[in-house]
Amino acid sequence: MTKVIGKLLIANRGEIAARIIRTAREMDIATVALYSDADRDAPYVRAADESVHLAGTAPADTYLRADLVLAAAARTAADAVHPGYGFLSENADFASACADAGVVFVGPSPAAIRAMGSKIAAKELMASAGVPVLPGATVESDVDLDTERLSAAANAVGYPILVKAAYGGGGRGMRIVAGADSLLEAVASARREAALAFGDGTVFLEKFVQSPRHIEVQIFGDSHGTVVHLGERECSIQRRYQKIIEEAPSTAVDAALREELGRAAVAAGKALAYEGAGTVEFVMAPDGQFYFLEVNTRLQVEHPVTEMVTGIDLVRAQLLVAAGQPLPNDMLNASAHGHAVEVRLYAENVAAGFVPASGTLKTLEFPDLPGIRVDAGFESGSVVSTFYDPMLAKVIGFGHTRDEACARLARALAETRLHGVATNRDLLIGILREPEFRAGNIDTGYLERHQPATLIPAGSDSVAVHALVAALAGQAERRAAAVVLPGLPSGFRTLVSADQRVSFTWGDSTIDVAYRFDRGDLVASVGGTDIAIRLIEASGRLVDAEIDGIRRRFNVVRDGLDYFVDSALGSTALREIERFPDPAKITEAGSLVAPMPGAVVRIEVIQGSRVAAGTPIIVLEAMKMEHTVRAPADGVVASIAVAAGDQVESGQILAVVSADESK
């Protein structure tokens, strides 16, 4: 029976909420947004017709509260709820509660969600439907952590082994175990992380496929018994088992293999009597043999690449199917044209091991280029909090060929102005331009073979130029604000005088800049090396200069002591060194500081302990992931400044490891 959806409540946040609102508006469906304290000023809230506040910040107090979501639906007279992805999107009890409340749940049936809620039960169902699966074993309780029992199960599966959380995904609760010596620790750690992220510590052991590709197939079903597939996506570029680049179609799938994958995916969907959008995920061996991983009973983060190559709006199709309509004709005869590549732009410190970052986005501006789509959850001035996933935006490039799509996407990222928070932008650009990736020779171990440091340009030459530009922009801004002769450059003299000096930090490096105006000519050096420069124009936000014979325009953004410089050379973040720093801000030698805001989960040592370099000292939890702070060198734990359960800020001192004077 066909239903009418007149008002849609989005039980999610960020870019996916904005994405759903965009299609709903095109269909003349009114929208309701939900927002936590941290999301009060988020762009998606303004985009919705109405919004309802959920007090608090933690997901457990806000977006995961099914009762509050349904109360908001009743209060706003919403006909339907779209869960997006994450949060309640794969919660069968929530889908049932929607039905009980007379609200349409935009997704599959509670039975289908429940069947796929356990990866263990899902594998059994798929095997019975004829879908290829990998051998495995389950670890449900601490009893199963008995060394003898665990070893027997692992030997039956065969090394190497992948340890996976039975409930949930996103790489949480996942470990690769090469041999028996690390099995117990890996399983125990995965169980803790799974319990923290999903409320259930059950994990299972599965045969790990060497050099695999991660291939997934988009399926769609309706309430009239039709299930189709819309082709595959390649999701092999991952860090910490989480996807960062996805594309459609896959370079490893030809027409025959595509038909075989599609047939298996449709069989999976029919075994579930599937309705709406779903994704059947497979791991594929180098020989082309593929095995079932899981069914994601929701819209995927990477759905835009399928939309780009098929021309089908998947959210629109979700809403039509949820209203009881059959699949649109364009889905029954879908075909792919061209190539699409998506990158996930994350707020994270790549060099520190992909540690999530937080802070205020001083600038976030994407270029308007052909073939580029941006699904963003943030804008200039937005605050990136520690409470949710650190993805800032998805940027998608489309082209007639894969090379064209990659080139357009790399250029769009390079021209994006992004200041105030550390991101993986430079890594993404490096991957998109790297020869092996461009040749399509990829698998899930790509970022193990290509360490981030080798993919990100060192940028020392551009940093020197940008440091000089920052110094000139700073002096121009100060002179413009001066009461006396504001147009006169700082350091200007009718006679030659001493250099003006300013120093910046760039990562762990210090950059010294010196300049002076010698009878109108600018004389400058960086790090003691002279730089030939002819200044054409300078303000606090723009420097137009000819440097070493090449003229460029440099955009500058300053936030206190922080300078962000963008030009054709790239982007550089610098921090001016205070000439007279506050002594209270000087950190004691040997201090271990929090690499990100988070909660102290465990303290692994006691004060006075002798530790070796690399010894775990404190374990933090941020964004549902554990991060271990280790001793930087041999020494003695002189002090511990936090306790388990404490919330800490980025840069806060956690402990001090002093040199062992007894040696």
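**View A. Arginine 298 and the residues around it.** Set aside neighbours within four places in sequence, and arginine 298 still has plenty to show: Gly84, Tyr85, Gly86, Ser89, Glu90, Tyr274, Ala277, Gly278 and Thr279 are in contact with it. As in every view here, what you see is a predicted model. Arginine 298 sits in the loop that runs between strand E14 (290-296) and helix H10 (303-310). Despite that loop address, arginine 298 is buried, because its relative accessible area is 16%, and the cut-off for buried is under 20%. Look also for glutamine 300, whose side chain makes a polar contact of 2.6 Å with the side chain of arginine 298.

**View B. Helices H3 and H4 side by side.** Here H3 (residues 66-76) packs against H4 (residues 92-100), with 11 Å between the axes and an angle of about 30 degrees. The two helices are therefore roughly parallel to each other, since angles under 35 degrees count that way. The crossing of H3 past H4 is right-handed. On the H3 side the contact is made by Ala66, Val69 and Leu70, and on the H4 side by Phe94, Ala97 and Cys98. Sorted by class, that contact of H3 with H4 comes out as six nonpolar residues, with no polar and no charged ones.

**View C. Alanine 73, further along in H3.** Stay with helix H3, which is where alanine 73 is placed. Alanine 73 counts as buried because its relative accessibility is 2%. Who touches it? Not counting neighbours within four places in sequence, alanine 73 is in contact with Leu9, Ala78 and Val81. For a sense of scale, take glycine 598: alanine 73 and glycine 598 are 525 residues apart in sequence, and their C-alpha atoms are 32 Å apart in space.

**View D. Helices H13 and H14, running against each other.** H13 (residues 402-415) and H14 (residues 425-433) pack with their axes 9 Å apart, at an angle of about 155 degrees. That makes H13 and H14 roughly antiparallel to each other, because the label goes to angles over 145 degrees. H13 passes H14 in a crossing that is left-handed. From H13, the residues making the contact are Cys406, Leu409, Ala410, Leu413 and Ala414; H14 brings in Arg425, Leu428, Ile429, Leu432 and Arg433. Split by class, the contact of H13 with H14 has eight nonpolar residues, two charged and no polar.

**View E. Leucine 620 in strand E36.** This one picks out leucine 620, found in strand E36 (residues 616-622). With a relative accessible area of 0%, leucine 620 is buried. Leave out residues up to four places away in sequence, and leucine 620 touches Ala594, Pro595, Met596, Ala599, Val600 and Val601, along with Met625, Glu626, His627, Val629, Val648 and Leu654. Isoleucine 603 makes a handy reference point: leucine 620 and isoleucine 603 are 17 residues apart in sequence and 9.1 Å apart in space, C-alpha to C-alpha.

**View F. Two cis peptide bonds, each leading into a proline.** Tyrosine 159 and proline 160 are joined by a cis peptide bond, with omega at about -5 degrees. Proline 160 belongs to the loop between helix H7 (147-157) and strand E7 (161-165). In the second panel, the bond from alanine 248 to proline 249 is cis, and omega is near -5 degrees. Where does proline 249 sit? You'll find proline 249 in the loop between strand E12 (242-248) and helix H9 (255-271).

**View G. Positive phi at aspartate 28 and arginine 240.** Aspartate 28 isn't a glycine, yet its phi is positive, near 60 degrees. Its place is in the loop between helix H1 (14-26) and strand E2 (30-35). Is aspartate 28 buried or exposed? Aspartate 28 is exposed, because its relative accessible area is 70%, and the cut-off for exposed is over 50%. Arginine 240 also has a positive phi without being a glycine, at about 55 degrees. The loop that holds arginine 240 lies between strand E11 (227-239) and E12. With a relative accessible area of 33%, arginine 240 is partly exposed.

How values were computed: Residues are numbered from 1 along each chain as its sequence is written. This is a predicted model: local features need pLDDT of at least 70, side-chain atom pairs count only at pLDDT 80 or more; totals for chains, interfaces and linings use all residues. Side-chain values use heavy atoms; hydrogens and water are left out. Axes are lines fitted to C-alpha atoms, for helices over the stretch in contact, and angles run from 0 to 180 degrees between N-to-C directions. Helices (H or I, at least four residues) and strands (E, at least two) are DSSP runs, numbered from the N terminus. Angles under 35 degrees count as roughly parallel, over 145 as roughly antiparallel, 65 to 115 as roughly perpendicular and the rest as oblique. A crossing is left-handed if the near helix is turned anticlockwise from the far one by less than a right angle, and right-handed if clockwise. Contact means heavy atoms within 4.5 Å. Ala, Val, Leu, Ile, Met, Phe, Trp, Tyr, Cys and Pro count as nonpolar, Asp, Glu, Lys and Arg as charged, and the others, Gly among them, as polar. Buried means under 20% relative accessible area, exposed over 50%, partly exposed in between (1.4 Å probe, protein chains only). A polar contact is a pair of N or O atoms within 3.5 Å; within protein, one must be able to donate a hydrogen and the other to accept it, and residues adjacent in sequence count only if both atoms are side-chain atoms.
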